[in-house]
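These are my notes from looking through one structure. I went from aromatic rings to charged pairs, then to a helix and the spaces inside.

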Amino acid sequence: LSAMARDIVVRCKALGVDDVSILATTTIGLSLFTAVLGAALIVIGKFKLASYCQLLPSSVVGGYLAYIGFFCGQAGLALMASVDVTGLSQWYKFLDPRALTLLAPGVVGGCFIYFMVRTFRHMAVLPSTIAMLMVAFYLTLWATGMSVEEATRLGWINQTVETPSWVHTWDFLQMDKVVWRVLPSQTFTIIAMISVVALSSSLDIAAIEIEMKRPLDYNHELTTVGFSNIVSGLTGGYTGSYIFSQTIFSLRMGIRSRAMGYVIAAVSLVTVVLPFNVLAFIPNFFFGSLLMMICLDLMFEWLIDVREKVTPAEYVVVIMTFCLLQVLGVEFGIVAGICLYVVIDKLGFDVGKEVTTEEEDDVMAAMNNY
């Protein structure tokens, strides 16, 4: 979406379009592209094309999950240190004394949350530890006599601007200002986006499937993502998919009720309609701690703990897929990981092939009927 937005702005400026029209073209264009993405995902699901993703080796998916953990950790560090980091080559930015000071509490907090969640398997542990971090932050401000404004100036809280009331959310969606002739130029980018989202969403489903230890209907799940994107696009929103990390942690905490989803939706709605910006009072290390916890959990599980659960050849595939994703990106990294898996398998090494049992077939058939 960012690439399309950038290109639309450049093309509109080349045509001498005013800023209001550029904003309308960009916002409405991205929303329409989101709806198109949703329709494409539904088509993929209806034609059962997502089923091919179930053929992905679990070792390749494991490498992808470790990569997601790394990505979350890197994003958390960049958020806390207020620097732009997109890869290992830019990690030197974290070594700046100010950056180290800002990210240290989040790293410690993430380790603390991870330890507590791993030690005490209860649904109240995660929210309790998060609340403790918030209390600790404001107790520190009180003890040092520092105001929220000063903490913001020093970088502990992100600078925010005054936001208009939620009722003005759609003010920029002015259909009469859209430069329609610019939008078809994004056709190839949309096709690429559909491919990427279909693959990444299927990988998210695979991650949940591994955690649940029972087969999921990929086509049904992808169709659900498609409908969600259509609703989002037609109401002025943008693309989205499963937050598989939240699903996994909820499963591990023993949460099986759909009430959690309704609670999240309700809290999100309240956050939007509040007359003030909630983020103006939440320290960066609050979010950074959560991202660090996800990083530690996924990387430890799929780079260290998994060693005792797979064959040596499978473990090589996991590690190499993780490394290939770092170098090649998600799409080509996954393809390279699959190629490596096939090569190792052809060489006669035990890559832990999974054979679908008759019982699993019955479960899948029952799910399809349901």
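**Entry 1: aromatic rings**

I looked up Tyr114 to begin with, in what is a predicted model. Tyr114 counts as buried, because its relative accessibility is 13% and the cut-off for buried is under 20%. I then counted the aromatic pairs, and the structure holds nine. In one of them, Tyr114 is partnered by Phe300: the ring centres are 5.8 Å apart and the planes stand at 25°, so I noted the pair as stacked. Tyr114 belongs to helix H4 and Phe300 to helix H11, so this pair ties together parts that are 186 residues apart in sequence. Phe300 itself is partly exposed, with a relative accessible area of 34%.

I went on to Phe137 and Tyr138, an aromatic pair that is edge-to-face. Their centres are 5.1 Å apart and the angle between the planes is 85°. Phe137 is buried at 7% relative accessible area, whereas Tyr138 counts as partly exposed at 29%. I also noted one aromatic cluster, formed by Phe70, Trp91, Phe94 and Phe322.

**Entry 2: charged pairs**

Next I searched for salt bridges and found three in the structure.

The side chains of Asp7 and Arg11 meet in one of them, at 2.7 Å from N to O. Both residues lie in helix H1 (residues 2–14), and they are four residues apart, about one turn of the helix. I recalled that an α-helix has 3.6 residues a turn, so residues three or four places apart point the same way. I checked the exposure of each partner: Asp7 is partly exposed at 25% relative accessible area, and Arg11 counts as partly exposed at 38%.

Another salt bridge joins the side chains of Arg118 and Asp305, at 3.2 Å from N to O. Arg118 sits in helix H4 (residues 97–119), and Asp305 sits in the loop between H11 and helix H12 (312–328), so the pair ties together parts that are 187 residues apart in sequence. Arg118 has 35% relative accessibility and counts as partly exposed. Asp305 also counts as partly exposed, at 26%.

I also wrote down the salt bridge between the side chains of Glu150 and Arg153, at 3.8 Å from N to O. These residues are three apart in helix H6 (residues 148–153), a separation of about one helical turn. Glu150 counts as partly exposed at 31% relative accessibility, whereas Arg153 is exposed at 55%.

**Entry 3: helix H3**

I compared the length of helix H3 (residues 58–81) with what its residue count predicts. At 1.5 Å a residue, its 24 residues should span 34 Å, and the end C-alpha atoms are 34 Å apart, so the two agree. H3 is mostly covered, as 20 of its 24 residues are buried. Ser82 follows H3 and has a positive phi, near 55°.

**Entry 4: pockets**

How much space lies in the largest pocket? I noted about 1800 Å³. It is lined by 39 residues, and the closest to its centre are Glu221, Thr224, Tyr242, Thr247 and Arg258. Helix H8 gives the largest share of this lining, nine residues. By class, I found 15 nonpolar, 17 polar and seven charged residues in the lining of the largest pocket.

The second largest pocket holds about 1500 Å³ of space. Of its 45 lining residues, the closest to the centre are Gln246, Ile264, Val267, Ser268 and Phe287. The elements giving two or more residues to this lining are helix H5 (125–144), H9, H10 and H11. H10 gives the most, with seven residues. The lining of the second largest pocket has 32 nonpolar and 13 polar residues, and no charged ones.

**Entry 5: cavity**

Last, I looked for closed spaces and counted one cavity of 30 Å³ or more. The largest cavity has about 30 Å³ of space. Its lining consists of Leu65, Ala207, Ile210, Glu211, Ile248, Arg252, Glu301 and Trp302. Helices H7 (187–212), H9 (244–252) and H11 (284–303) each give two or more residues to that lining, and the largest share, three residues, comes from H7. By class, the lining of the largest cavity has five nonpolar, no polar and three charged residues.

Methods: Residues are numbered from 1 along each chain as its sequence is written. This is a predicted model: local features need pLDDT of at least 70, side-chain atom pairs count only at pLDDT 80 or more; totals for chains, interfaces and linings use all residues. Side-chain values use heavy atoms; hydrogens and water are left out. On a 1 Å grid over the protein atoms alone, a cavity is a set of points where a 1.4 Å probe fits but cannot get out, and a pocket is an open set with protein on both sides within 12 Å along at least five of seven lines; lining residues have an atom within 4 Å of a point. Grid points are joined across faces, edges and corners, and a volume is the space filled by probe spheres set on the points. Ala, Val, Leu, Ile, Met, Phe, Trp, Tyr, Cys and Pro count as nonpolar, Asp, Glu, Lys and Arg as charged, and the others, Gly among them, as polar. The expected span of a helix is 1.5 Å times one less than its number of residues. Buried means under 20% relative accessible area, exposed over 50%, partly exposed in between (1.4 Å probe, protein chains only). A salt bridge is a side-chain nitrogen of Lys or Arg within 4 Å of a carboxyl oxygen of Asp or Glu. Rings of Phe, Tyr and Trp (its six-membered ring) pair if their centres lie within 6.5 Å; planes under 30 degrees apart count as stacked, over 60 as edge-to-face and the rest as tilted.
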